[in-house]
Each structure stands twice: as C-alpha cells, then as structure tokens.
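Here are some notes on the model for your consideration, set out as numbered points. Please read them with the coordinates open beside the text.

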Amino acid sequence: MKNKTLIATATVFVSLFTSKAQNNLDLSTDNLMVVNRDIGASEENIKSTLTLTNKMGDGMAILKNESFVTGAIDLDIKGENNPGKSFVGVAFNIQNDSTYEAIYFRPFNFKSDELIRREHSLQYISHPKNTWRYLRTNHEGIYEAEYANAPSPDDWFSIIIKITEDHVYVYDKKTNTELLHVNRLEKQVSDKIGLWSGFNSKGAYRNVKLLE
C-alpha cells in the first residue's frame with residue numbers, strides 16, 4: 001500500500017511540474033563554461049543537445065546564463081554500458097570546479113544481474129568531502145539507489161530532479177516513480193548548475209528545462 005501511495009504522489013508531482021515547463025535551455029557553446037571536458041559532435045539539434053567527451057577526472061558544462069536555487073530540473077541523459085567508465089548527471093550549488101552537489105547515474109549498473117550493483121545505479125554526492133566512496137563507506141544504502149524499471153544502459157532516459165532547501169528528490173519521468181530521496185549535505189551557496197560527467201566518462205544531455 002505504501003508503494004502505491006508513493007507512486008501516486010510522484011505521478012501528481014511530475015504532472016504538476018511538467019505543466020509549468022519552460023522551453024528547452026540553449027546548450028550551444030556560447031551559453032556554456034566547460035570544465036575539464038570538450039564538447040563532442042552531435043547528430044541532433046545542437047541548441048538542445050550537448051555531448052561531453054571523456055577525460056581523466058570529473059568535468060562539467062556550467063550553464064552560464066541560468067540561475068537556479070530551488071525547483072526542478074527536467075532532462076534526458078545518455079551514458080553507456082561501459083563498467084566503471086560511465087558516470088553522468090547534473091551538478092548544482094556549484095561554487096567552483098571541485099565544490100558542488102550532484103546527482104549522477106551509473107548506467108552500466110542499470111541491468112546488472114547483481115543486486116548490489118543495481119543498488120548503486122544512482123548517486124547523490126557533495127564534493128569535496130562527501131564523495132561517493134565516503135558516503136558508501138559511512139552511510140551505505142542512503143545516498144544511492146537502484147533505478148527501478150531501469151532503461152537499457154545505452155539508451156536515453158528522462159528524469160526530473162527536484163531540489164528544495166533541505167532535500168533532493170529524483171524521479172523517472174517514464175514511470176512517474178520516485179527513485180531517490182535524500183537530505184542535502186550542504187547549504188545553498190551558489191545559483192550555478194551544470195551538466196556533469198565523472199571520472200573518464202563521456203555523456204550526452206538534451207531537452208534540459210528548469211521547472212517552477
């Protein structure tokens with residue numbers, strides 16, 4: 001009964017936010033500050049789709065002309081089925097290239113036969129202190145979760161990330177299901193957001209919207 005209530009609540013939430021959606025954000029080069037990544041070629045509309053190439057270390061493309069504190073981020077993301085080399089997501093409250101919060105996904109774990117790996121499919125972090133390793137070691141099972149009804153690791157998937165003053169929620173748009181709900185580990189300092197990829201990972205992002 002609890003799960004049915006949760007799904008129903010998520011459905012209402014996604015519907016309300018989608019009804020207030022803005023147009024897709026402009027992801028062309030002039031509107032981005034790219035950190036430790038290069039922009040790759042895209043076969044889609046360049047203004048609404050961004051591809052970041054892989055490099056050692058984490059990287060991101062900060063949206064220069066956008067201000068975001070609380071609300072929701074609606075977007076499509078694509079990683080790849082490349083174990084240990086596909087970490088893709090969204091950074092927010094960005095103070096500099098090493099101090100920020102983020103939600104990211106490990107697509108190579110989406111369909112794993114091992115439950116423990118599936119339970120590491122999506123992750124909240126707060127750098128520099130609260131890395132995935134620190135959180136998993138000290139708070140196992142709290143800041144990461146399985147992607148219920150996960151898509152193929154090589155396919156686009158659509159999510160909504162809701163950010164409040166104290167909490168972060170992640171929803172799968174296709175099924176209107178809440179995937180993760182965590183308490184934030186940092187206070188809001190910055191209004192900068194960006195599209196993020198982790199260590200030696202490339203990623204693709206499209207149809208990014210900020211919702212009221």
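Which residues do ring pairs link into a cluster?

1. The cluster consists of F87, Y104, F108 and W196, which are linked by ring pairs. The model is a predicted one, and the values in this note should be read with that in mind. In total, the structure holds 10 aromatic pairs. One of these joins F110 and Y147, whose ring centres lie 5.0 Å apart and whose planes meet at 55°, so the pair is classed as tilted. It links distant parts of the chain, since F110 belongs to the loop between β6 (99-105) and α2 (115-118) and Y147 to the loop between β8 and β9 (157-163), with these positions 37 residues apart in sequence numbering. Both F110 and Y147 are buried.

2. Aromatic rings also appear beside charged groups. The charged end of R206 sits over the ring of W156, at 4.1 Å from the centre of that ring, and K162 lies over the face of Y169, at 5.0 Å from the ring centre.

3. On the overall composition, the protein has three helices and 13 strands. Of its 212 residues, 49% are buried, and the accessible surface comes to about 10,200 Å², with 48% of that surface belonging to carbon and sulfur atoms. Among contacts between residues at least 6 apart in sequence, 66% join residues that are at least 24 apart.

4. Seven strands form an open sheet, in the order β1-β3-β12-β5-β6-β7-β8, and the pairing is antiparallel. The edges are occupied by β1 (32-35) and β8 (144-145), each of which has a single partner strand, so one side of each is left without a neighbour in the sheet. Within the sheet, strand β3 (residues 59-63) and strand β12 (residues 193-197) run antiparallel and are joined by four bridges; G59 has S197 as its bridge partner in β12.

5. S197 is also a useful reference point for L52, a residue of strand β2 (residues 49-52). L52 and S197 are 145 residues apart in sequence, yet their C-alpha atoms are 7.8 Å apart in space. Is L52 buried or exposed? With a relative accessibility of 0%, L52 counts as buried. Leaving aside neighbours within four places in sequence, L52 is in contact with R37, D38, I39, M60, A61, L195, S197, K202, G203 and Y205.

6. D38, which is among the contacts of L52, also takes part in a salt bridge with K55, at 3.5 Å from N to O. Because K55 lies in the loop between β2 and β3 and D38 in the loop between β1 and β2, the pair ties together parts that are 17 residues apart in sequence. Both partners fall in the intermediate class of accessibility: K55 counts as partly exposed at 30% relative accessibility, and D38 counts as partly exposed at 41%.

7. The structure holds eight salt bridges, and the one between R184 and E101 has its closest N and O atoms 2.6 Å apart. This pair links distant parts of the chain, with R184 in the loop between β11 (177-183) and β12 and E101 in strand β6, 83 residues apart. Are these two residues buried or exposed? R184 counts as buried because its relative accessibility is 9%, and E101 counts as buried at 0%.

8. A further salt bridge brings together the side chains of R118 and E146, at 3.1 Å from N to O. R118 lies in helix α2 and E146 in the loop between β8 and β9, so the pair ties together parts that are 28 residues apart in sequence. E146 is partly exposed, with a relative accessible area of 32%. Elsewhere, R106, R136 and E144 are linked in a network of salt bridges.

9. A last point concerns N130, which lies in the loop between β7 (122-127) and α3 (132-138). Despite this loop position, N130 counts as buried, its relative accessibility being 8%. Which residues does N130 touch, not counting those up to four places away in sequence? The residues touched by N130 are I125, L135, L185 and E186.

Definitions and conventions
Residues numbered from 1 in each chain as written. Predicted model: local features only at pLDDT ≥ 70, side-chain atom pairs only at ≥ 80, totals over all residues. Heavy atoms only, no water. Helix = DSSP H or I, 4+ residues; strand = E, 2+ residues; numbered from the N terminus. Buried < 20%, exposed > 50% of the residue type's maximum accessible area, 1.4 Å probe, protein only. Contact = heavy atoms within 4.5 Å. Pairing = 2+ DSSP bridges. Phe/Tyr/Trp six-rings, centres within 6.5 Å; stacked < 30°, edge-to-face > 60°. Lys NZ or Arg CZ within 6 Å of the ring centre and 35° of its normal. Areas by Shrake-Rupley, 256 points an atom, 1.4 Å probe, with all protein chains shown as cover. Salt bridge = Lys/Arg side-chain N within 4 Å of Asp/Glu carboxyl O.
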